[in-house]
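Subject: Handing over the structure

Hi,

Here is the structure I promised to pass on to you. Open it up, have a look around, and then read my notes below.

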Amino acid sequence: MTSFSQMKNAFVRASLDNDGRTDAKFKATTTNSGTGSGTATYKITVNDNVKKLKTNPEQNPDFATITVVTKIVLFILKKCWIMCGASIMVIFVIYWYYGSFLALGLLFFALTGILYQVGDWLLYHPDQPPHSRLYVPAPAMFGLSGENIHISSGDGVKINLLLVKQDHSVFGQVPTILYLHGNAGNIGHRLANVRGLYHSCGCNVLLVEYRGYGHSDGTPSEEGLYYDSQAGLEFLLQYPGIDRSKIIVFGRSLGGAVAVDLASRPEYNKHIMALVLENTFTSIPDIGRVLFNWRIVKCIPTWFFKNQNSRSPVKRLATFESGTHNETWQCSGYYRTLNLFFDDVMVLRHQQGDSCHWPAQDVCVHVPAEVL
């Protein structure tokens, strides 16, 4: 009987069937001791398990880890390679001539500088959830009509705005909210909340999509987000028909810091009727100590951080027992609380002008879980 080990001068012909099975025919000339030579044909069928050998490398967790590490390394090299190269050269020269202690101190100083520069990359997440840079939900999906506008920010970066307007009969009489969204996602992910502001509060709403988010150009940065909010306010001040005395700046989470910066600038705060901060933070150092419960973070001096807290003397605090960081707007009583706040602001401004102050008993408002 002919064995495979005795085959020589073999020729292989393979054909791939429509169902993915592979039939391979082997025609071989064999020589058996004592019996002479002969010709035999063998057919081998390979089943669908062969397909499993062709794996997608992107599904491999090691591949994903390598991809993330590579992106981090490339980002640092791209942003800091000039500074890093110069620092390393200086450190090397000083180490060569003056010793290791001074060089070690300079190395630590250079590392802190790198950490300061890459802080923005660690802070902003415009690509979460996936495809947020490609797909932005449309207002029509929420029963709203909106006007998309692309404008240039103060430093020339083009950003995307979405203006949701009330009916033309009341458009120029109602307040207009400048909406500064939180981290991650895009303005389309905030349209469910905007629908409530539109119907329950009766406001016009202008959503600013930060640079690097959604359909806006550029890369997120602290200074860049400030430019974007300023561009949004300037757009409202120039838009025909809007009541410029009833502009409300609204900032949620990350947007709260952007809103505070905008309202703190003398050239802009005179145009802002009210400032609303929702689920934001007192300062970057405080939120850093909450998110990273490391002793070294608690020891970092305040001046090291880019963002600082607001010390506005006029505040009102509303708390919701059933609220969460991202879903407080779904709590019952949420829109009524905003309406009461807006009404009080307009009444106080009418009675006292721009120098109005809250009565002490109205500073804090608590909304229980069972609601108003």
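Before we start, one term: two elements are in contact when they have heavy atoms within 4.5 Å of each other. Also keep in mind that this is a predicted model.

With that in hand, find helix H3 (residues 191-200). H3 lies across strand E5 (158-164), E6, strand E7 (204-209) and E8, and it runs at about 165° to E6. Helix H4 lies across E4, E5, E6, E7 and E8, and its direction is also at about 165° to E6.

Now for the sheet under those helices. In what order do the 6 strands come? Going across the open sheet, you meet E4, E5, E7, E6, E8 and E9, and the pairing is mixed. Strand E4 (146-152) and strand E9 (274-278) each have a single partner strand, so they stand at the edges with one side left without a neighbour in the sheet. From one strand to the next, the twist averages 20°.

You can see what "mixed" looks like by checking two pairs. E4 and E5 run antiparallel and are joined by 7 bridges; one partnership there is Glu147 with Leu163 in E5. The hairpin of E4 and E5 has 5 residues between the strands, and in it Gly156 takes a positive phi near 95°. Strand E6 (residues 176-180) and strand E8 (residues 247-252), on the other hand, run parallel, with 5 bridges between them. In that pair, look for Thr176, which stands opposite Ile247 in E8.

Next, a helix pair. Two packed helices are described by the angle between their axes and the distance between the axes. For helix H4 (residues 222-238) and helix H5 (residues 254-264), the angle is about 65° and the axes are 9 Å apart. Their crossing is right-handed. On the H4 side the contact is made by Leu225, Tyr226, Ser229, Gln230 and Leu233, and on the H5 side by Leu254, Ala257, Val258, Asp261 and Leu262. Sorted by type, the residues of this contact are 7 nonpolar, 2 polar and 1 charged.

A few backbone oddities are worth a click:

- Gln128 and Pro129 are joined by a cis peptide bond, with omega about -5°. You'll find Pro129 in the loop between helix H2 (100-123) and E4.
- Ala184 is not a glycine, yet its phi is positive, at about 70°. Ala184 sits in the loop between E6 and H3. Is it buried or exposed? The cut-off for buried is under 20% relative accessible area, so Ala184, at 19%, counts as buried.
- Asn279 is another non-glycine with a positive phi, this time of about 50°. Asn279 is in the loop between E9 and helix H7 (284-291), and at 27% relative accessibility it counts as partly exposed.

Last, the rings. How many aromatic pairs are there? The count comes to 7. A pair of aromatic rings is described by the distance of the centres and the angle of the planes. Take Tyr210 and Tyr213: their ring centres are 5.7 Å apart and the planes are at 80°, so this pair is edge-to-face. Both Tyr210 and Tyr213 are buried. Elsewhere, ring pairs link Phe171, Phe235 and Tyr239 into a cluster.

Have fun with it, and write back if anything is unclear.

Cheers

Terms used:
Residues numbered from 1 in each chain as written. Predicted model: local features only at pLDDT ≥ 70, side-chain atom pairs only at ≥ 80, totals over all residues. Heavy atoms only, no water. Axes fitted to C-alpha atoms, helices over the stretch in contact; angles between N-to-C directions. Helix = DSSP H or I, 4+ residues; strand = E, 2+ residues; numbered from the N terminus. Left-handed = near helix turned anticlockwise from the far one by under 90°. Nonpolar A, V, L, I, M, F, W, Y, C, P; charged D, E, K, R; others polar. Pairing = 2+ DSSP bridges. Buried < 20%, exposed > 50% of the residue type's maximum accessible area, 1.4 Å probe, protein only. Phe/Tyr/Trp six-rings, centres within 6.5 Å; stacked < 30°, edge-to-face > 60°.
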